[in-house]
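Student: Before we look at anything in detail, could you take me through how features of a model like this are read, one at a time?
Tutor: Gladly; let us put the structure in view and then go from element to element.

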Amino acid sequence: MPIETTASVVAEVPDDAELLAVPYASDLSPAVDLHLPVSDLLAHYEAKGEAGEIVEVPVARGGGIGRVLLYGVGDGSPRALRRAAAALTRRAKGRDTLTVVVPEGDVTAFAEAALLAAYTFRIGETGKKAVRALAFAGADEGQVRRAETVAHAVALARDLANTPSSVKDPAWLAERAAEVGLPVEVWDEERLLADGFGGILAVGRGSASPPRLIQLSYTPAEPADRHVVLVGKGITFDSGGLSLKPTDNMKTQKTDMAGGAVVIAVLGALAALGAPVRVTGLIAAAENMPSGTSQRPSDVIKHYGGRTVEVLNTDAEGRLVLADALAYADAVLDPDAVVDIATLTGAITVALGRNVGAVYSSDDVLAKQLVEAGQSADDRLWRMPLIEDYTPALESSIADLANVEAGSRFGAGSITAALFLREFAGDRPWAHLDIAGVGRSTVEEGTLSKGATGFGVRVLLEWLTRG
């Protein structure tokens, strides 16, 4: 469900504010005069001014008693402001309105985090709801509106990924993509077969819900000198196929289409943000299920463009659907750059944990741009190496490639998966974002709620809208 908390900008703090939040600096001085011994109060509570620190005090307001939240902002960096804003929204849960005197610094980051912390996804009766309205006092209207657009895009990606797989299948995902208001083209199973998308078809063979390839197109108002293709993995449920996952590992697999959800959400937000680049989004959607029609380990499939792949593990299916989309983008769409995003490998979680995503790239400039955009947007990325010595892991004795290493000589599962994808991206600048570790959250903390995180939306929007 979308973020239900509304955002507004007010020039001054209203006298009857139900709940007021005021920042204070490390010297314990408040941003506005509250006619209170603020420094003494903060000293009493041993406040230090750290980001996320909140001291709640009663005040006389509008003929009654109101509440003021005195909040610390740490060093005032965008990361600290995000932490402070998220803490305020969580503290105001159940209230109608929270009026926030905005701190100095990056108001966009602050407002975005405040809205993201209000996100919930629940089917059935809800518990204590998020604050209904956030009023930002002294904020720039344009900065708040950008924050709102980005936050709602992240929420859309979370919604799509959090939706149970009993509801969503590849056709459902195509319907949701059509709702973002952009030109859409969808390949059904017949057209996929006719056009030679063997990887997508092979992964979807075991399911009663046929696969889809979804294409969204954004064209800016002014002529664009760049064309970017975003490719998202859209596995609406991943059982592992005949290479069946353990039961516990399957419980989160409704979010295995998080990469595809990110692409849909990003495309839907570009117009509102005035992105100056032409962008095509491709979502390779399938459900990976075991049945009498499933692909088998040792099968050989032919991808778009004719390259053959021996399938040694049907649970390494994400790279098979992405390979088709990447090959199509290279052969038909002729972009200036291609970026794919996927919950691809458990191996990347071992390498980078659950707070930093991986970027692999064939182009140093593209990699640098994405890492910098991630740092700015708080979708942090770490560049991982494409180690050429590991390419023999992709060798097959009967096909052009194998989808996984036959033995355990090289290991490095995330790197070899990226090397596999590179084979289909052509010679143009390409980057792969592995978000398996950061695409899901197990905690309710900061801007995150349990379930899908929408990781990738903010970094890609930051990258695509930079001048």
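**Reading the features**

Tutor: We can start at a helix end, bearing in mind that this is a predicted model: Asp106 caps the N-terminal end of α3, with a side-chain oxygen lying 3.2 Å from the backbone nitrogen of Thr108.

Student: How many residues of helix α3 are buried?

Tutor: The general idea for a helix is that an α-helix has 3.6 residues a turn, so residues three or four places apart point the same way. In the present case, 10 of the 10 residues of α3, which spans residues 107-116, are buried, so the helix is largely enclosed by the rest of the structure. The buried residues include Thr108 and Glu112 alongside Val107, Phe110, Leu115 and Leu116.

Student: Which residues of β2 point one way, and which the other way?

Tutor: Leu19, Ala21 and Pro23 point one way from β2, whereas Leu20, Val22 and Tyr24 point the other way, and all are buried. The strand, residues 19-24, is accordingly described as mostly covered, with 6 of its 6 residues buried.

Student: Which strand is joined to β2, and by how many bridges?

Tutor: Strands of a sheet pair through backbone hydrogen bonds, either parallel or antiparallel. Here β2 is joined by 2 bridges to strand β5, residues 97-101, and the two run parallel; within this pairing, Ala21 of β2 stands opposite Val100 in β5.

Student: What is the order of the strands in the open sheet that contains β11?

Tutor: That open sheet is formed by 3 strands in the order β11-β12-β16, with mixed pairing. Its edge strands are β11 (300-302) and β16 (401-402), each of which pairs on one side only. Between β11 and β12, the latter covering residues 308-310, the pairing is antiparallel over 3 bridges, and Val300 has Glu310 in β12 as its bridge partner.

Student: Turning to the aromatic rings, why is the pair of Phe420 and Phe424 called tilted?

Tutor: A pair of aromatic rings is described by the distance of the centres and the angle of the planes. The structure holds 9 aromatic pairs; in the pair of Phe420 and Phe424 the ring centres are 5.3 Å apart and the planes stand at 45°, so the pair is tilted, since planes under 30 degrees apart would count as stacked and over 60 as edge-to-face. Both partners are buried, Phe420 at 0% relative accessibility and Phe424 with a relative accessible area of 5%. Elsewhere, Trp187, Phe197, Tyr304 and Tyr328 form one aromatic cluster.

Student: Which charged residue sits over the ring of Phe424?

Tutor: The charged end of Arg307 sits there, 5.7 Å from the centre of the Phe424 ring. A further case is Arg158, which lies over the face of Tyr119 at 5.2 Å from the ring centre.

Student: Where is the largest pocket, in terms of the residues nearest its centre?

Tutor: The largest pocket holds about 760 Å³ of space and is lined by 32 residues, of which Lys245, Leu344, Thr345, Gly346 and Ala347 lie nearest its centre. The elements that give two or more residues to this lining are β9 (227-238), α8 (247-250), α10 (318-333), α11 (347-352) and α13 (413-422).

Student: How many cavities of 30 Å³ or more does a search of the whole structure find?

Tutor: The search finds 1 such cavity, and the volume of the largest cavity is about 30 Å³. Among the residues that line this cavity are Ala202, Val203, Gly206, Asn288, Met289 and Thr314.

Terms used:
Residues are numbered from 1 along each chain as its sequence is written. This is a predicted model: local features need pLDDT of at least 70, side-chain atom pairs count only at pLDDT 80 or more; totals for chains, interfaces and linings use all residues. Side-chain values use heavy atoms; hydrogens and water are left out. Rings of Phe, Tyr and Trp (its six-membered ring) pair if their centres lie within 6.5 Å; planes under 30 degrees apart count as stacked, over 60 as edge-to-face and the rest as tilted. Buried means under 20% relative accessible area, exposed over 50%, partly exposed in between (1.4 Å probe, protein chains only). A charge sits over a ring if NZ of Lys or CZ of Arg is within 6 Å of the ring centre and within 35 degrees of the ring normal. Helices (H or I, at least four residues) and strands (E, at least two) are DSSP runs, numbered from the N terminus. A polar contact is a pair of N or O atoms within 3.5 Å; within protein, one must be able to donate a hydrogen and the other to accept it, and residues adjacent in sequence count only if both atoms are side-chain atoms. Two strands pair if DSSP finds at least two bridges between them. On a 1 Å grid over the protein atoms alone, a cavity is a set of points where a 1.4 Å probe fits but cannot get out, and a pocket is an open set with protein on both sides within 12 Å along at least five of seven lines; lining residues have an atom within 4 Å of a point. Grid points are joined across faces, edges and corners, and a volume is the space filled by probe spheres set on the points.
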